[in-house]
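Colleague: I should like to go through the terms used for this structure and see how each is justified. Please set every value against its definition.

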Amino acid sequence: EEDTINIAVQVNGKLRGNIQVPKAINKEDLLLSAKSQDNVIIHLKDKNIIKEIVVPDRLVNFVVK
């Protein structure tokens with residue numbers, strides 16, 4: 001079994017990237033890793049993050065306005 005997993009990163013429900021992270025990563029580090037993706041940074045710029053949704057081992061979704 002692999003030690004890393006692929007996580008989909010979405011902004012307002014639209015896929016903006018994928019990240020590969022260790023299986024044992026905690027929620028805070030997962031969110032930081034997701035926010036550091038270039039395409040995600042572009043879509044979060046000048047927006048307020050209303051909600052951060054984390055589905056374990058699957059995806060991270062940022063709801064912004």
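Colleague: What makes the radius of gyration of the protein agree with that of a compact globule?

Modeller: The radius is taken over C-alpha atoms, and the globule rule is 2.2 Å times the number of residues to the power 0.38. For 65 residues a compact globule would have a radius near 11 Å, and the protein has 11 Å, so the two agree. Along the principal axes, the C-alpha atoms fill a box of roughly 40 × 20 × 15 Å.

Colleague: On what kind of model do these values rest?

Modeller: This is a predicted model, in which local features need pLDDT of at least 70, side-chain atom pairs count only at pLDDT 80 or more, and totals for chains, interfaces and linings use all residues. Residues are numbered from 1 along each chain as its sequence is written, and side-chain values use heavy atoms, with hydrogens and water left out.

Colleague: How are the helices and strands of the protein counted, and in which pattern do they follow?

Modeller: Helices (H or I, at least four residues) and strands (E, at least two) are DSSP runs, numbered from the N terminus. By that count the protein has 2 helices and 4 strands, and the pattern along the sequence reads β-β-α-α-β-β.

Colleague: What makes β1 and β2 a pair?

Modeller: Two strands pair if DSSP finds at least two bridges between them. Strand β1 (residues 4–11) and strand β2 (residues 14–22) have 8 bridges in the antiparallel sense, so the definition is met. Q10 stands opposite L15 in β2, and the two strands form a hairpin with 2 residues between them.

Colleague: Why is I19 called buried or exposed?

Modeller: Buried means under 20% relative accessible area, exposed over 50%, and partly exposed in between (1.4 Å probe, protein chains only). I19, in strand β2, has 4% relative accessibility and therefore counts as buried. With contact defined as heavy atoms within 4.5 Å, and residues up to four places away in sequence not counted, I19 touches I5, N6, I7, V9, L30, S33, A34 and Q37. The C-alpha atoms of I19 and S33, 14 residues apart along the chain, are separated by 7.7 Å.

Colleague: And to which class does A8 belong, buried or exposed?

Modeller: A8 lies in strand β1, and its relative accessible area is 18%, so A8 is buried. Leaving out residues up to four places away in sequence, A8 touches L15, G17, N18, R58, L59 and V60. The C-alpha atoms of A8 and V55, 47 residues apart along the chain, are separated by 9.8 Å. Over the whole protein, buried residues make up 28% of the 65 residues.

Colleague: What is noted about the phi of N12 and of D46?

Modeller: Most residues other than glycine have a negative phi. N12, in the loop between β1 and β2, has a positive phi of about 55° although it is not a glycine. D46, in the loop between α2 (38–44) and β3 (49–55), has a positive phi of about 60° and is not a glycine either.

Colleague: How do you know whether N12 and D46 are exposed or partly exposed?

Modeller: N12 has a relative accessible area of 42%, so it is partly exposed. D46 has 76% and is therefore exposed.

Colleague: What share of the contacts in the protein joins residues 24 or more positions apart?

Modeller: Such residues account for 36% of the contacts with a separation of 6 or more.
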